[in-house]
Amino acid sequence: MNSSHASTAPSSAIDSACRAFSVPQRIQASSLERALLSQGQHSTFPYADGDISVWNMGLGPRVLLVHGWDSRGSHLAAFVEPLLRAGFAVTLFDLPAHGDSGGSLSSPVHAGRALAALAEHLDPIHGVIAHSLGSAASLWAFAHGLRVNASVHLCGPSSLSPMLQLQALGHGLTAEEQREFSTWVKQHIGIPPAEMDLPSLKHGLRHPALIMHDPTDRVVPFIASADLHRHWADSELVELEGLGHRRILTDPQVIARSCALLSSTHKAGDQA
């Protein structure tokens, strides 16, 4: 996979769009996040796209926290203590090319494959809480074998094709450049983009899900969550005003609702 477009696409706009899609910013953890991470058991999971930094905390049914683009696992730190109090084990990790993990390239498919590999290594997984790109990665993983009892999706894109259209428009690509961009994306992720759209992923949506999104989110349109809810029979869609794309990660109501879903599905599993 070649991340450079200079030889095949002379347009600087295309080059910018391709880099924005494939090269995330590597964000450092804050001092408070480092303090939290130091309380966990750190390990490195060997992975082809870049070794993955993993932090495990607590005992009980395992919940994976999946971060978004230009982010890191510790950005979901506010969920850790409530989940531990509820009796769950919690795993935070940095996706390839993010945080403390290795690698230099990513995408929703790269992230989905990494999530699926780590989940298989840690199996069984009770639930997933995923934000933004992490939600898209989770949908890919669910469609490719990851089984959980429940999942929470926060401000996530649900189909890749409309997000590519938004990105192309945001970079001012012409119609011809959009076609070149789409061709490059297919090469980068290794599959046609349509295979990351809900019609191709919906067979993996078999468990209860909670979908939360601010209708005024300027990063990922609310319609993505509305579309996910329509395709997911056993899902609840909650509109949360005033949280934007990132404040949702620290909102007490969001955290409480997420823990409640995971706890209820754990109790239901025990009764079954």
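Colleague: What covers the buried residues of α9?

Modeller: This is a predicted model. In it, the cover over the buried residues of α9 includes α5, β6, α8 (198-201), β7 (209-213) and β8.

Colleague: And which residues of helix α9 are buried?

Modeller: Helix α9 spans residues 222-231, and its buried residues are F222, A224, S225, A226, D227 and L228.

Colleague: Let us turn to the sheet. What is the order of its strands?

Modeller: The sheet is open and has eight strands, in the order β1-β2-β4-β3-β5-β6-β7-β8. The pairing is mixed.

Colleague: Why is one side of β1 and of β8 left without a neighbour in the sheet?

Modeller: β1 (41-45) and β8 (235-239) are at the edges and have a single partner strand each, so there is no neighbouring strand on one side of each. On average, and with direction ignored, neighbouring strands of this sheet are turned by 20° against each other.

Colleague: How many bridges join β3 to β4?

Modeller: Four bridges join β3 (residues 62-66) to β4 (residues 89-93), and the two strands run parallel. V63 stands opposite V90 in β4.

Colleague: Which strands does α4 touch where it packs on the sheet?

Modeller: α4 touches β1, β2 (52-57), β3 and β4, and its direction makes about 160° with that of β3. Helix α5 (residues 133-143) also packs on the sheet, touching β3, β5 (127-131) and β6 (150-154). The direction of α5 makes about 140° with that of β5.

Colleague: Now the interior. Which residues touch the most other members of the largest nonpolar core?

Modeller: That core has 52 residues, and those touching the most other members are F21, L64, F93, V128, L139 and F181. Helix α4 (residues 108-122) gives the most to this core, with nine residues. Another core, of 28 residues, lies apart from it and has L65, F88, L243 and V254 among its members.

Colleague: What does F21 touch, leaving out residues up to four places away in sequence?

Modeller: The contacts of F21 include W69, P108, L160, L164, F181, W184 and I189. Polar residues are also touched by F21, including S106, S107 and Q167.

Colleague: One last topic. What is the volume of the largest pocket?

Modeller: The volume of the largest pocket is about 780 Å³. Of the 36 residues lining this pocket, W69, M163, Q167, V219 and V220 are the closest to its centre.

Colleague: Which element gives the most to that lining?

Modeller: Helix α6 gives the most to the lining of the largest pocket, with six residues. The elements giving two or more residues to this lining are α1 (12-22), α5 and α6 (160-170).

Conventions. Residues numbered from 1 in each chain as written. Predicted model: local features only at pLDDT ≥ 70, side-chain atom pairs only at ≥ 80, totals over all residues. Heavy atoms only, no water. Core = buried A, V, L, I, M, F, W, Y, C linked by side-chain atoms within 4.5 Å. Buried < 20%, exposed > 50% of the residue type's maximum accessible area, 1.4 Å probe, protein only. Contact = heavy atoms within 4.5 Å. Pairing = 2+ DSSP bridges. Axes fitted to C-alpha atoms, helices over the stretch in contact; angles between N-to-C directions. 1 Å grid on protein atoms, 1.4 Å probe; cavity = no way out; pocket = protein on both sides within 12 Å on 5 of 7 lines; lining within 4 Å. Points joined across faces, edges and corners; volume = space filled by probe spheres on them.
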